[in-house]
Amino acid sequence: MTAPTTDATTVRVALVDDQQLVRAGFRMVIDSQADLEVVLEAGDGAQAVRALDPAAQTATGPVDVVLMDVRMPTMDGLEATERIVSRATPQAPAPKVIVLTTFDLDEYVLAAIRAGASGFLLKDAPPEEMLAAIRTVHRGDAVIAPSSTRRLLEHLVTALPDDSPSATDHPAHQAVAQLTEREREVLVLMARGRSNTEIGQDLFVAEATVKTHVGRILAKVGARDRVQAVVVAYEAGLVRAGS
């Protein structure tokens with residue numbers, strides 16, 4: 001497996017899946033890494049929502065990243081993600097959620113984005129991709145450099161709804177219209193899976209400048225994070241599959 005590229009801070013991970021063997025396998029892989037640690041497990045969404053309540057945090061400290069299955073009894077992963085993310089406050093940010101999914105569940109992918117998921121992982125992804133996804137989402141630097149989110153977003157393009165009679169009246173078009181030309185360039189590169197460092201290299205600007213642009217983009221399009229901003233780019237036609 002690849003060695004971690006992040007700093008020495010341990011990333012605290014929660015596993016939410018109704019299959020105990022799946023959780024055990026994920027835990028074994030994650031706990032084998034010096035910079036990652038599983039601190040919480042839940043067998044369904046309702047358990048996860050209760051366990052991740054900021055008032056119920058354990059001595060291990062707050063969870064940083066959640067691996068969330070979609071199909072579970074009692075409460076599915078979509079509702080659980082929405083409830084967990086909606087509780088975020090400036091004093092107690094919500095953990096980043098990576099939704100476990102498959103290509104044949106397109107409707108779940110879009111719903112998960114709406115619910116506030118920060119990334120996606122195919123359930124049969126190799127261990128290296130899972131580890132990279134956790135680190136990348138925690139770092140907040142890219143949509144997910146491993147191919148899962150990029151492939152899923154591109155696969156999803158034809159499923160994105162056109163719920164407005166006029167394309168120019170679509171909320172995504174209105175959101176993108178607020179961006180400056182440079183911000184549009186940055187958003188396109190974000191949608192192509194480029195990190196802040198790579199965007200800076202592409203545009204010949206400092207990484208700090210890119211971070212400023214990203215922050216302004218998220219605020220203008222009303223996105224929680226980079227994944228939601230990228231969906232806006234797809235919906236607005238700013239980016240197309242394979243572009």
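**Close-up views of a predicted model**

**View 1. Glu128 belongs to helix 5.** This view, like the others here, comes from a predicted model. With a relative accessibility of 32%, Glu128 is classed as partly exposed, because partly exposed covers values between 20% and 50%. Val29 is 99 residues away from Glu128 along the chain, yet the C-alpha atoms of the two are separated by 9.1 Å. Val29 is itself one of the buried residues of helix 1, and helix 5 (127-139) is among the elements that the buried residues of helix 1 pack against.

**View 2. Helix 5, from its first C-alpha to the glycine that follows.** The 13 residues of helix 5 reach 18 Å between the first and last C-alpha, close to the 18 Å expected at 1.5 Å a residue. Its buried residues are Glu129, Met130, Leu131, Ala133, Ile134, Arg135, Thr136 and Val137, so charged names such as Glu129 and Arg135 appear in that list too. After helix 5 comes Gly140, with a positive phi near 70 degrees.

**View 3. Helix 1 and its buried side.** Which residues of helix 1 are buried? They are Val22, Arg23, Phe26, Val29 and Ile30. These residues sit on the same side of helix 1, because the arc they cover around the axis is only 130 degrees. An α-helix has 3.6 residues a turn, so residues three or four places apart point the same way. On the face of helix 1 turned away from the buried side are the exposed residues Gln20, Leu21 and Met28. The length of helix 1 also agrees with expectation: its 12 residues (20-31) should span 16 Å at 1.5 Å a residue, and the end C-alpha atoms are 16 Å apart.

**View 4. What helix 1 packs against.** The partners of the buried residues of helix 1 are strand 1 (11-16), strand 2 (36-42), strand 3 (65-69), strand 4 (96-101) and helix 5 (127-139). For the wider setting, the protein has 11 helices and 5 strands. Among its contacts with a separation of 6 or more, 70% join residues 24 or more positions apart.

**View 5. Asp69, a residue of strand 3.** UniProt, in an unreviewed entry, lists Asp69 for "modified residue: 4-aspartylphosphate". Is Asp69 buried or exposed in the model? Its relative accessible area is 5%, so Asp69 counts as buried, the cut-off being under 20%. Leaving out residues up to four places away in sequence, Asp69 touches Val16, Asp17, Asp18, Gly77, Leu100 and Lys123.

**View 6. Arg12 in strand 1.** The relative accessible area of Arg12 is 22%, which makes this residue partly exposed. A polar atom of the Arg12 side chain lies 2.5 Å from the backbone oxygen of Pro62. Arg12 also has a distant sequence partner to look for: His138 is 126 residues away along the chain, with 9.5 Å separating the two C-alpha atoms.

**View 7. The largest nonpolar core and a second, separate one.** The largest core holds 27 residues, and those with the most contacts inside it are Val16, Leu52, Val63, Val66, Met68, Val99 and Phe120. Two or more residues each come from strand 1, strand 2, helix 2 (45-51), strand 3, helix 3 (77-86), strand 4, helix 4 (106-115) and helix 11 (226-235). Helix 3 gives the most to this core, with 4 residues. The second core has 25 residues, including Ala172, Ala191, Ala223 and Ala233. In soluble globular proteins, nonpolar side chains tend to be buried together. Across the 243 residues of the protein, 49% count as buried.

**View 8. Two loop residues with positive phi, Thr74 and Phe204.** Most residues other than glycine have a negative phi. Thr74, in the loop between strand 3 and helix 3, has a positive phi near 70 degrees. Thr74 is exposed, at 70% relative accessibility. Where is Phe204 found? Phe204 is in the loop between helix 9 (196-203) and helix 10 (207-221), and its phi is positive as well, near 60 degrees. Phe204 too counts as exposed, with a relative accessibility of 75%.

Key:
Residues are numbered from 1 along each chain as its sequence is written. This is a predicted model: local features need pLDDT of at least 70, side-chain atom pairs count only at pLDDT 80 or more; totals for chains, interfaces and linings use all residues. Side-chain values use heavy atoms; hydrogens and water are left out. The expected span of a helix is 1.5 Å times one less than its number of residues. Buried means under 20% relative accessible area, exposed over 50%, partly exposed in between (1.4 Å probe, protein chains only). The arc is that of the directions from the helix axis to the C-beta atoms. Contact means heavy atoms within 4.5 Å. UniProt positions are given in the numbering used here, feature names are shortened, and annotations may be inferred rather than shown by experiment. A polar contact is a pair of N or O atoms within 3.5 Å; within protein, one must be able to donate a hydrogen and the other to accept it, and residues adjacent in sequence count only if both atoms are side-chain atoms. A nonpolar core is a set of buried Ala, Val, Leu, Ile, Met, Phe, Trp, Tyr and Cys residues joined through side-chain atoms within 4.5 Å.
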